[in-house]
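Subject: Structure for you to look at

Dear colleague,

I am passing on the structure we talked about, with the sequence beside it. Please open it first and then read the notes underneath.

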Amino acid sequence: MKRLQSLAIGTATLFAMNTALWAADLLPGQIDFGSFSPSTGGGEFVEVNLPSSLISMGARLVEKDEPEVAQLLSGIKLVRVNVLALDDDNRADIQKRAQKVRKELASKGWERIVVAQQKDQDVGIYLKMTDKGAVQGVTAVVMDGKEHAVFVNVVGDIKPEQLALLGEKLHIDPLKKIGHAAEKSEKKSDDKASAKAED
């Protein structure tokens, strides 16, 4: 019995140390969504993980023809996009995970810059900044009705309005859509601010 207890305590300690080390390996602006699996119904499942090495290669490829895109890409360290079809088997779990990610973002000082709730649509876009105002990351959590969930994390110096351009250049459709949502929300905010200033 003592040997079993020692083994259990040792295993738990190793697991805790590995978890702490892995969490410490996250880049500033990076969020761990966990791992996802395709729904049992076989619906849409997209997973994109682009590390800085691939992004740098892309920046070098477009450097001559599109220097502004190369400059945008050079500030990015990581792109992660997950799109999941929802069904009766995974919907509750994914909704709980979306809420957990949003709470984690709030607790870690991320600013919620876009909130859009309409019918079954629920979009939240968050920005992580340093004390000096530099952008470290952009994260989006989208529940698209009862059919899809989208999780996006872009790490590096990027503004929300640049997400659409980034999605276009990297051929990542969910990133394009979230970028357009961010642009519309910022335009509405600017219009409201202008209207108040005129009053």
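The notes below go from the whole protein to one helix and its surroundings.

Please keep in mind that this is a predicted model, in which local features need pLDDT of at least 70 and side-chain atom pairs count only at pLDDT 80 or more, while totals for chains, interfaces and linings use all residues. Residues are numbered from 1 along each chain as its sequence is written, and side-chain values use heavy atoms, with hydrogens and water left out.

The protein has six helices and six strands, where helices (H or I, at least four residues) and strands (E, at least two) are DSSP runs numbered from the N terminus. Along the sequence they follow the pattern α-β-α-α-β-α-β-β-β-β-α-α. Of the 199 residues, 37% are buried, where buried means under 20% relative accessible area, exposed means over 50%, and partly exposed lies in between, with a 1.4 Å probe and protein chains only.

Helix H4 covers residues 91-107, and at 1.5 Å a residue its 17 residues should span 24 Å, which agrees with the 24 Å between its end C-alpha atoms; the expected span is 1.5 Å times one less than the number of residues. Its buried residues include Ile94, Ala98, Val101 and Leu105, and also the charged-type names Arg91, Arg97, Arg102 and Glu104. Seen down the axis of H4, the buried residues fall within an arc of 160°, so they line one face of the helix; the arc is that of the directions from the helix axis to the C-beta atoms. On the other side of H4, Lys96, Lys100, Lys103, Ala106 and Ser107 are exposed.

What do the buried residues of H4 pack against? They pack against strands S2 (76-85), S4 (121-129), S5 (135-144) and S6 (148-156), a contact being heavy atoms within 4.5 Å.

Strand S2 is itself mostly covered, with nine of its 10 residues buried. S2 pairs in the antiparallel sense with strand S1 (residues 45-51) over seven bridges, and Glu47 stands opposite Asn82 in S2. Nine bridges also join S2 to S6, again antiparallel, with Leu84 opposite Ala149 in S6; two strands pair if DSSP finds at least two bridges between them.

Lastly, Asp88 lies in the loop between S2 and H4, and it counts as exposed because its relative accessibility is 70%.

Best wishes
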